[in-house]
Amino acid sequence: MLRARFTQCAGARSVASSSSAYSASLHTTAALQSFRKRKSRVQEKANLEKRKERERLSQTDRPHIILGHRPNDPAKWQNCDLAKVLVTEEDILAAPLPPIGITQPEMVQMPTFYNYGVGETEKEKLFETLPELTVEGAALVVQAYHQYDAPNVIDVTKKAEIKEAGKTAQLARLVDLRNANARGIAYENRRRCVAEFSEPANPMDTGRPEVQAALLTMRIRNLWGHLGNFKKDISNRRSLRRLVHERARILKYLRRIDRDRYDRVLERLGLEPGSVEGELVV
């Protein structure tokens, strides 16, 4: 009986010791797991910060998807052919205004920028040919009714020249681009883009890829400036996204058919290849 009692006590002690050992191991495992989780969270946070830093550096070095050049290189746009062709509202307001009250033909001053699509041919007809024909017609009328009275003809011619100079000055103020609205300025810029990026043999080739890319770049920049003032304009934001992808599609087509023309037009538009190639996230 005594031996049985000793055996029972020894068994109870072994069970107690094994139970305490299991509890100790369980407690140690939980603490270790908690430490490992905390360490993994710290490591994950550090990895996320490193990833954000790499993305920030890559975005800083990558060309702007919309503007086409790197943020620290605005001179690429300022020195390109498209920027030199386009007319801004600041340029129009900075140009001198043609004077009024003209008394001599030499005092007539032509506007710097013309409205209504007035080109070189129209300027020559309106401001040179038409006044000369009007003065010549007045002289012919005097000759027909006064049998070539020289003093009278000279006097009428001078009066006609002064009158035509005043009319020319009024017409010059009328066709000045400062009288146009936003649509008028956009029309003039489109006309300039088509003339600048077309071939000399076909000066109004609107289907040329270079012309299409230039027109899209102009519209993209106009929308970008608009969205800078009206950030909640969701409709135009979608339009901007569509125009950016359409420009990339046209330039990719041009790169496929002629790589030299593609490189030249990128330089003329002030665009980096990275802004039109690859995945574009607007």
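## Close-up views of a predicted model

**View 1. The largest nonpolar core.** Six members of this 32-residue core touch the most other members: Leu 82, Leu 240, Val 244, Leu 251, Leu 269 and Val 276. Helices H7, H8, H9 and H10 each supply at least two residues of the core. H8 gives the largest share, nine residues. The model shown here and in every other view is predicted. Apart from this core lies another, of seven residues. Among them are Val 87, Phe 113, Leu 177 and Ile 185.

**View 2. Contacts of Leu 251.** Which residues does Leu 251 contact, leaving aside its neighbours within four places in sequence? Three of the partners are Tyr 262, Val 265 and Leu 266, and these residues are buried in helix H10. Leu 251 is also in contact with Ala 213, Leu 271 and Val 276. Val 276, like Leu 251, is listed among the core members that touch the most others.

**View 3. The two sides of helix H10.** H10 spans residues 259-269. Its buried residues are Arg 261, Tyr 262, Val 265, Leu 266 and Leu 269. Why do they lie on the same side of H10? They cover an arc of only 135° around the axis, and this puts them on the same side. In general, an α-helix has 3.6 residues a turn, so residues three or four places apart point the same way. On the other side of H10, Asp 260, Arg 264 and Glu 267 are exposed. The buried residues pack against five helices: H2 (75-78), H3 (81-85), H7 (182-197), H8 (209-229) and H9 (234-257).

**View 4. The ends of helix H10.** At the start of H10, a side-chain oxygen of Asp 258 reaches to within 3.2 Å of the backbone nitrogen of Asp 260. What follows H10? Gly 270 does, and its phi is positive, near 75°.

**View 5. Val 211 in helix H8.** Val 211 has its place in helix H8. Is Val 211 buried or exposed? Val 211 is buried, with a relative accessible area of 0%. Phe 197 is 14 residues away from Val 211 in sequence, yet their C-alpha atoms are 5.3 Å apart. Beyond its neighbours within four places in sequence, Val 211 is in contact with Phe 197, Val 194, Ser 198, Asp 205 and Thr 206.

**View 6. The aromatic pair.** A search of the whole structure finds one such pair. Its rings belong to Tyr 114 and Phe 127. The ring centres are 6.2 Å apart and the planes stand at 55°, so the pair is tilted. Tyr 114 lies in the loop between helix H4 (89-94) and helix H5 (120-146), and Phe 127 lies in helix H5. The pair therefore ties together parts that are 13 residues apart in sequence. Tyr 114 counts as buried at 9% relative accessibility. Phe 127 counts as buried at 11%.

**View 7. Glu 164 in helix H6.** Glu 164 is found in helix H6, residues 150-174. At 8% relative accessibility, Glu 164 counts as buried. A polar contact of 3.0 Å joins its side chain to that of Lys 167. Leaving aside its neighbours within four places in sequence, Glu 164 is in contact with Pro 131, Thr 134 and Val 135.

**View 8. Two cysteines.** Cys 80 counts as buried at 3% relative accessibility. Cys 193 also counts as buried, at 0%. How many disulfides does a search of the whole structure find? The search finds zero.

Definitions and conventions: Residues numbered from 1 in each chain as written. Predicted model: local features only at pLDDT ≥ 70, side-chain atom pairs only at ≥ 80, totals over all residues. Heavy atoms only, no water. Buried < 20%, exposed > 50% of the residue type's maximum accessible area, 1.4 Å probe, protein only. Helix = DSSP H or I, 4+ residues; strand = E, 2+ residues; numbered from the N terminus. Arc of directions from axis to C-beta. Contact = heavy atoms within 4.5 Å. Polar contact = N/O pair within 3.5 Å; in protein donor to acceptor, adjacent residues only side chain to side chain. Core = buried A, V, L, I, M, F, W, Y, C linked by side-chain atoms within 4.5 Å. Disulfide = S-S within 2.5 Å. Phe/Tyr/Trp six-rings, centres within 6.5 Å; stacked < 30°, edge-to-face > 60°.
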